[in-house]
Amino acid sequence: MNYLARRLLTFPLILLGVSLLVFFSIRMIPGDAITAMLGTEAGLLTPVQRQALAAYFGIDQPVVVQYGRWLAGLLQGDLGISVTYGKPVLTVILERFPLTLELALLAMVIALGIGVPAGVLAATNNERSTDVVVRILAMLGQSTPGFVVGLVIIYVLSVYFGFVPAMGSFTPLWTDPLANLGQLIFPAVTLGFAFAASVTRISRSAMLDVLSDDYIRTARAKGVPGRSVVWHHALPNALIPVVTLSGVEFGYLLGGAVIVEQIFALPGLGRLTLDAIGQRDYALVQGCVLFVAFNFLIVNLLVDLAYAALDPRIRLGAR
Amino acid sequence: MRIVRDIAAHPTGRVGAAIILLYLLLALCGALGLTPHDPLQQFRIDRLQAPSATYWMGTDLFGRDTASRLMIGIGHSFIIAFASVGLATLFGTLIGLLAGWWGGLADGLFMRAMDVLLAFPAILLALLIIAVTGPGTFTSIAAIAIVYTPIFARVVRGPTLSLKRRDFVDAARTFGSSQRYILSRHLLLNLVAPLTVQVTLALAWALLTEAGLSFLGLGTQPPAPSLGLMMSEARNLMQQAPWLLVFPGLTIMLGILGFNLCGDALRDILDPRTQRRTA
C-alpha cells in the first residue's frame, strides 16, 4: 500500500482516537459532572433536580453509551451547550474562529515574507558576514518566546511611540479592513516571529542544497544571470520543504494563538479556550480542543497530500 | 568524554554550553540559598526599585528582589524541563523501541496512539491536561512529558526498524542473547546519538512550554518564582518598571538559546552531513 493510501486510511482512525482522548480526558476530572458544570451552585440542587439534570445531559448512562451519543452528536455538528454562554458550543466557536484563523494566516504571510528572502540572502552569501548575521538573528528569533516578543512590542510602541495597540476589540475584515489590520498586525508579528526564524533556517538550508545541484551549475554555465538562477531556477525547488513546514506550522499557529490573544486581549478561539478552562466550562473546553485538533489534522493531511503530489518518491511509497 | 571536547571545540556549541553551565550554577546557588536576598521576602519600602547596587535587577511590586527570584525561577524552570524531558525520553524511547522491535499490530497500535497525541498543537494538549488535573508544577511536568513523548517514540522507532535487520542483531540472536539484552545493549546504544540531539532540543521546547504555561497562570503557582510567571506579573507594570520585563525576558530567551545552540552543535557533531547547512 502506498503512502497516500495509508495516510488516508489512518486519518479517520486518528480522528476517532482524538475524540476518545478528548472525551475521556474531560470525564477524568475529579467530582461529578453536574458539580463541574454548575460549580458552587450545584450545592443548591435537590437530589431529584440533580437526577433530572443528569438525565437531561445523558450522564446517568454508562460512559460508553455517553461516548456513542456524544460521537453521534459530533458527526452532526453538535458539540453540546456552553454553560457560560448558554449557546451551542459550535456557535460560540464559530463566532471566535475567524479572528484566530485570520491571525494565523497573517502571521504566516509575515513569516514567509521575512523568512524566505532572508534565507535566500543567507544562502547566496554563504559563510559571509550577511549569512552570519542572518543565522544569528534566526537563532535568536527561534529562541524568543512569543509572549516576550508581544510584551516588548507593546512596551516599545507605548513608551517610544506613544501608541497603544487596540486591545479587547475586534473589527471583522469585511466591516473595516484597515481597522482590522491595525488590530491584528502586531499580534500577527508576535505570532509569526519565531516561525519567520524557522522559515529562514529551512529556506537557507534548502537553497544551499539546491544551489549545489547539477542543473544549477548547468544554468550558470549556459550564462543565465545569477539573479535569475537564484529566483527562477533554484527557489521553486527550495520552497518544497518550506511549503511542508508552513502547513505543519499553521496548525501550531492556531494553537499558539492562545498566548498572543491573551497578551493583546483579542477575543479569539485561543482566549475562548483559556477562559473556558478558568470558568470550568468543560463542554466548551472539549469543543475548542477538538475543533483545533481537527483543523490541525486536516491541514497536516492536506500538506501530506500536497507534498506527495510534489514529490513522486512519497506518492510511490518510498518514504 | 569525546562529546564534551567536541562541543567545546564547536563555535556555537561552546556558547550554548557556557550559557547552560552558567544557568545550572545560578540555579544551584539559588537552591543552596546563596541568593542576594530572600526571593520571597517583601521589602515593602523598596517596591518597584530600579536596578541598583542593593538590588541588581530591581524589585517588583511587592518589593521582592528580581535577581534572587530569577535565580530560583531558573532552577524551577530547569527542574520542570529536565523532569518532563526525562520522562518523555523514557516513555518515548520505550514505546518507539518496542514498536520498532515487535512490528506488526503492536507497532500499528503504539504509533497510532502517538499520532493521536501529535494531532494536537503542543500548548493545546498541555492546556487540556491541565484543565483536567489542575495547574501546578507536577501537572506541568506531566503535561510537557505527554506532549513530547510521541516525538521521542518517532525518533527511536525509525532507526530501530532498520537496526533490527542488521547483521550484528542476527549474530546476537544466534549467540542466544535475550530480547532484553539485545534491546538494551545493541539497539539502545546505537540510538544514543539521535536521542542526545533530540533531548537537547526538547529541553529548549520544554523551557518554552513551561514558561508559556506559567505565563498563562497554568504552570507554577505564585508566590513561587517562575520565569513565565514573572513575565506575566510584569505585564501591567512594564511602563513603570521595565526591568521586570527585560530581565526575565532575557533570561528565558538566553536559556532557550543555550539549549538550541547545543542541540544544533550536537547535530553537527553527530551528523557531519548537516554541518554545512544548519545555522
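Begin by selecting the contact between the two chains of this predicted model, to which chain A brings 49 residues and chain B brings 41 residues. With both sides displayed as surfaces, the area buried between chain A and chain B comes to about 4000 Å², and carbon and sulfur atoms give 77% of that area.

Next, pick out A:Arg201 and B:Asp264, which form a salt bridge whose closest N and O atoms are 2.6 Å apart; the count of salt bridges between chain A and chain B is one. If you then turn to polar contacts between chain A and chain B, the count is three residue pairs, with both residues of a pair at pLDDT 80 or more.

Now hide chain B and colour chain A by helix, since several elements share the side that touches chain B: helix 1 (3-27), helix 6 (129-142), helix 7 (146-160), helix 8 (177-211), helix 10 (226-263), helix 11 (269-278) and helix 12 (282-310) of chain A each supply at least two residues to that side. Recolouring by residue class, you will find 31 nonpolar, 14 polar and four charged residues on the side of chain A that touches chain B.

For the last stop, select A:Leu16, A:Leu20, A:Phe24, A:Val63 and A:Val64, which together make up a nonpolar patch on the surface with about 390 Å² of accessible area. Two or more residues of this patch come from each of helix 1 and helix 4 (63-75) of chain A, and helix 1 of chain A gives the most, with three residues. A:Leu16, a convenient residue on which to centre the view, lies in helix 1 of chain A.

Methods:
Residues numbered from 1 in each chain as written. Chains lettered and ligands numbered in written order. Predicted model: local features only at pLDDT ≥ 70, side-chain atom pairs only at ≥ 80, totals over all residues. Heavy atoms only, no water. Contact = heavy atoms within 4.5 Å. Buried area = accessible area lost by both parts, 1.4 Å probe. Salt bridge = Lys/Arg side-chain N within 4 Å of Asp/Glu carboxyl O. Polar contact = N/O pair within 3.5 Å; in protein donor to acceptor, adjacent residues only side chain to side chain. Helix = DSSP H or I, 4+ residues; strand = E, 2+ residues; numbered from the N terminus. Nonpolar A, V, L, I, M, F, W, Y, C, P; charged D, E, K, R; others polar. Patch = residues over 30% accessible without salt bridge, like charges linked within 9 Å, V, L, I, M, F, W, Y side chains within 5 Å. Areas by Shrake-Rupley, 256 points an atom, 1.4 Å probe, with all protein chains shown as cover.
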